[in-house]
Amino acid sequence: KDFSLSSEKDAHASDSDENLERGNWSNKADYLLSMVGYAVGLGNVWRFPYLTYQNGGGAFLIPYTLMLALAGLPLFFMECSLGQFASLGPISVWRILPLFQGVGVTMVIISTFVAIYYNVIIAYALYYLFASFQKVLPWSDCFSWADEFCSKTRLISDCNATLDGEIIHANYSFITSNNLTCINDTINYKPVQFPSEQYWNKVALQRSSGLDETGNIVWYLALCLLLSWMIVAAALFKGIKSSGKVVYFTALFPYVILLILLVRGATLEGALDGIEYYIGKQSNITKLMEAEVWKDAATQIFYSLSVAWGGLVALSSYNKFHNNCYSDAIFVCVTNCLTSVFAGFAIFSVLGHMAFVSERPVSEVVDSGFDLAFVAYPEALSKLPVSPLWSFLFFFMLLLLGLDSQFATIETLTTTIQDIYPQMMKKLRIPITLGVCILLFFLGLICVTQAGIYWVNLIDHFCAGWGILIAAVLEIIGIVYIYGGNRFIEDIEMMIGKKSCFFWMWWRMCWFFLTPVLLVAILVWSLVTFSTPTYGSVLYPAWGTAVGWCMIIFCVIWIPIVAVVKICKAEGNICQRIVSCCRPTANWGPYLECHRGERYSHVVNPQKEKEHEIPTVSAFTYFR
């Protein structure tokens, strides 16, 4: 029976698309905003400002910019070009080098782990968002849930004072009863917890004593997690056609909120003190002599741009073949970095005011990660007039920053399924997308138990670390040294046009030497400085650390497994088999025949499938 092309195209493809089988972005803005939303995430708000403050203020921008140019941008450009050239996802694109197809599998598995816990963080933001709809913020004071250690102010325990010409050391009650004054720099404070910290631990998380004590599922966090997955599923039900429209709001509105928070923060007393701690009255250039500063800069750039997660390849695979992926890569990378700097001003201006109101140095209210997002900054916002409004805006911003990163992560998984089972995705895209979200929701329930925060921290500590670095190192080595860097440049020129040798000089230096060396250095440094995971002062049990190692091993074990499977299925002696697996497959090249030209005129149609049949091959059959 004869079918028209329109009946064969994917559910998220339209008649105006260049690629009727896979579909394309409706327009370039959809793609760029999706890429910006993917790259700009929670780390830009809760990690970069803290690293800048910690590593010499404004001086930190020097290694940060250098690492962007040497490590971040070259990998980003490579992945965008790779996905766009082949119009394939992170696993199928390794037709370029079958021996390394396990690298793509590793990327997808790590993205799956990250999707599980990242949506839990979005659930936290949703919970705080709903909690902000109250006249008085529930973490603004020590209410009924607080214990005796809760206090809005620091309580003096003891200090030195002068009595009858002699310096004495006494508790504060004795000092006050005798009308004495504490000597500066001798004051010791009682160990107290601020209301926002106790609210986070006792109410929001209902946190247990450690990973050993799982406790119950926190029902309201489970409902928030379900809602976050429903939002993701709704945004992706038509793939890039629907998510490409949603990101107009989720990617752009956080900038509006950041601007509002910055303007409000800049008008507060003490804001200047906070900003001076961020950038520094006088940047500490001597910090650049410390290796740790350069390592922090490289690591932040690497994780902030989301390279080696598979998402950049997946999103770029829906571009039209002659799209200028070079200018896109530069635009997204620069936007991502400028957002980080901009967010720092908004965060530190409000933290400076908090320090001023609570009469503490800024260094005591500054934090990163969960403590910044759910303890320090909410505490600062609770001290502002009309605090529920500012709290709502902040957590709404966190929600949006998390969601558009999550959209791209799930799109990575569905793109992988589409490349393996194209016929099935044409007929069942919506049920499959829904099924993926439901499955990941149930897998994430462990993260909304009373020990949930320990699991979130454990997955982040292991899966979002070395696995990505290993994948990135093998990716650049495989493409540049085995497939051929110059050959890959010729592929890019088929898309963006011929460029001069001077144009490629920088990229060759980075791809062939600088970027691989930097990535290996970061990987080795991370291994050498490894420490067992902790959450605050809570140590993980030995079995918890073992589970973390099992997760990372499960992520990277597919690299040698797939390589062995490929070699076993090849023909000839062992050397011939390895050489064969280091060559592109017969169907490697541009997806559409009209783009192949003379260089790829021999390519077998990548989608030679039996018409209208859903493949029933196993995973290992796919790796042939």
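This text walks through an annotated binding site, a buried loop residue and a set of paired strands in a predicted model.

Start with the record. An unreviewed UniProt entry carries a "binding site" annotation. The annotation covers Gly 37, Ala 39, Val 40, Ser 304, Asn 336, Leu 401, Asp 404 and Ser 405. In sequence these positions spread over 369 residues. In space they cluster, with a largest C-alpha distance of 13.9 Å. Part of the set also borders an enclosed space: Gly 37, Val 40, Leu 401 and Asp 404 belong to the lining of the largest cavity.

Take Val 40 next. Val 40 sits in the loop that links helix H2 (28-39) to helix H3 (42-46). Is Val 40 buried or exposed? Its relative accessible area is 5%, and buried means under 20%, so Val 40 counts as buried. Which residues does Val 40 touch, leaving aside its neighbours within four places in sequence? The contacts are Tyr 255, Asn 336, Thr 339, Leu 401, Asp 404 and Ser 405. Among them, Asn 336, Leu 401, Asp 404 and Ser 405 are also covered by the annotation.

Ser 304 gives another view of the annotated set. Ser 304 lies in helix H13, which spans residues 291-304. Ser 304 is buried as well, because its relative accessible area of 7% is under 20%. Beyond neighbours within four places in sequence, Ser 304 is in contact with Ala 39, Asn 44 and Asn 336. Asn 336 therefore links the two residues just described: Val 40 contacts Asn 336, and so does Ser 304.

Now turn to Asn 319. Asn 319 is found in the loop between helix H14 (311-316) and helix H15 (325-358). With a relative accessibility of 5%, Asn 319 is buried. Setting aside neighbours within four places in sequence, its contacts are Asn 24, Trp 25, Tyr 31 and Gln 84.

The strands come last. Strand E1 (residues 156-163) pairs with strand E2 (residues 166-171) and with strand E3 (residues 188-189). E1 and E2 run antiparallel and are joined by six bridges. In this pairing, Leu 163 stands opposite Glu 166. Two residues separate the strands in the hairpin of E1 and E2. There, Asp 164 takes a positive phi near 55 degrees. The pairing of E1 with E3 is also antiparallel, over two bridges. Here Ile 156 stands opposite Tyr 189 in E3. In a regular strand, side chains alternate between the two faces of the sheet.

Technical notes
Residues are numbered from 1 along each chain as its sequence is written. This is a predicted model: local features need pLDDT of at least 70, side-chain atom pairs count only at pLDDT 80 or more; totals for chains, interfaces and linings use all residues. Side-chain values use heavy atoms; hydrogens and water are left out. UniProt positions are given in the numbering used here, feature names are shortened, and annotations may be inferred rather than shown by experiment. On a 1 Å grid over the protein atoms alone, a cavity is a set of points where a 1.4 Å probe fits but cannot get out, and a pocket is an open set with protein on both sides within 12 Å along at least five of seven lines; lining residues have an atom within 4 Å of a point. Helices (H or I, at least four residues) and strands (E, at least two) are DSSP runs, numbered from the N terminus. Buried means under 20% relative accessible area, exposed over 50%, partly exposed in between (1.4 Å probe, protein chains only). Contact means heavy atoms within 4.5 Å. Two strands pair if DSSP finds at least two bridges between them.
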